[in-house]
Amino acid sequence: MGMLEVARDAIKDLPVSEVIRERLSLAFDRLEEAERQIAILQTEKGGLQAQFERERLDHEQTKKELQRLHELLHEEVRLVRGVEFRKGSRTGNEWQPFCPKCHLPVVFSRDPSDPIFCQDPTVCRWVSGEDSSRIQHESRNSLK
Ligand SMILES: [Zn+2]
C-alpha cells in the first residue's frame, strides 16, 4: 500500500467535518496527479539524456572525421608568376603546378619557350603570361 492510499484510509476514520474530509481528499487527488506527472517527466528525461548522449558521441565522431579529412586535404598554396603551386598529400608532398583559374593540374611544355596551358582548353582556356622555362626555374628557386 502506498503512502497516499494509507493517508486516504486514515481520513475515513478521522473525526473531522465532511467539508474538511472532502478538502483532504481533493488534496490527495492533486498529489496523486502530481506524482503521476513526475513519473512521466522522469521517463521523458531519461529518454532525452540517452538521446543527448548518442548525439554527443555522434558529434565527437564527426569532429574527429572532419579533423582527419582536414589533415588529409590540407595543401600549401603558393603563386609563382601567376601559376598556382600546391603541395600536400595528393601531390605526394611535392610542389606541383595547377591552373590558377580552374585549379586543374597543368603540365610544362617540352618547349621551354612555350607558355603553360591549362589542361582544359575548351572551357577554362587559361594560358600563363610567361614562358614555362622561366616559371619552372623560378619555382625551383622559390619553392622548397
Ligand atoms: Zn584552368
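Two strands are taken to pair if DSSP finds at least two bridges between them. Helices (H or I, at least four residues) and strands (E, at least two) are themselves DSSP runs, numbered from the N terminus. The structure described here is a predicted model, in which local features need pLDDT of at least 70 and side-chain atom pairs count only at pLDDT 80 or more, whereas totals for chains, interfaces and linings use all residues. Residues are numbered from 1 along each chain as its sequence is written.

The protein contains three helices and six strands. Their succession from the N terminus is α-α-β-β-β-β-β-β-α. The C-alpha trace spans about 115 × 30 × 20 Å along the principal axes of the protein. The radius of gyration of the protein, taken over C-alpha atoms, is 38 Å, whereas a compact globule of 144 residues would have a value near 15 Å. The globule rule behind this comparison is 2.2 Å times the number of residues to the power 0.38.

Burial was assigned by counting C-beta atoms, placed from the backbone: a residue is buried if 20 or more other C-beta atoms lie within 10 Å of its own, exposed if 12 or fewer, and partly exposed in between. Buried residues account for 8% of the 144 residues in the protein. Two residues are in contact if their C-beta atoms, placed from the backbone, lie within 7 Å. Of the contacts between residues at least 6 apart in sequence, 27% join residues at least 24 apart.

An automatic or database domain assignment supplies the domain bounds. The protein is divided into domain 1 (3–71) and domain 2 (75–142). The centres of domain 1 and domain 2, taken over C-alpha atoms, are separated by 67 Å.

Helix 2 comprises residues 18–73, 56 residues in total. From its first C-alpha to its last, helix 2 reaches 81 Å, close to the 82 Å expected at 1.5 Å a residue; the expected span is 1.5 Å times one less than the number of residues. Helix 2 is hardly covered, with a count of zero buried residues among its 56 residues.

Two open sheets were identified. One consists of three strands in the order 1-2-3, with antiparallel pairing. Its edge strands, each of which pairs on one side only, are strand 1 (75–80) and strand 3 (96–98). The twist from one strand to the next averages 35°, where axes are lines fitted to C-alpha atoms, for helices over the stretch in contact, and angles run from 0 to 180 degrees between N-to-C directions. Six bridges pair strand 1 with strand 2 (residues 83–88) in the antiparallel sense. Within this pairing, Glu-75 has Gly-88 of strand 2 as its bridge partner, and Glu-76 stands opposite Lys-87 in strand 2. The hairpin of strand 1 and strand 2 has two residues between the strands, and Arg-81 takes a positive phi near 50° in this hairpin. Strand 2 and strand 3 are also antiparallel and pair over three bridges. Here Glu-84 has Phe-98 of strand 3 as its bridge partner.

The other open sheet contains three strands in the order 4-5-6, again with antiparallel pairing. Strand 4 (106–107) and strand 6 (127–131) are its edge strands, each pairing on one side only. Two bridges connect strand 4 with strand 5 (residues 115–118) in the antiparallel sense. Val-107 stands opposite Phe-117 in strand 5. Helix 3 (residues 132–142) packs on this sheet by touching strand 5 and strand 6, and its direction makes about 80° with that of strand 6. Helix 3 also lies across strand 1 and strand 2, where it runs at about 130° to strand 1. Val-106 stands opposite Cys-118 in strand 5. Strand 5 and strand 6 run antiparallel and are joined by two bridges. In that pairing, Pro-115 stands opposite Asp-131 in strand 6.

Phe-117 illustrates the surroundings of a residue in strand 5. Phe-117 counts as partly exposed because 18 C-beta neighbours lie inside 10 Å. Phe-117 and Val-107 are 10 residues apart in sequence, and their C-alpha atoms are 7.4 Å apart in space. When residues up to four places away in sequence are not counted, Phe-117 touches Val-106 and Val-127. In a regular strand, side chains alternate between the two faces of the sheet.
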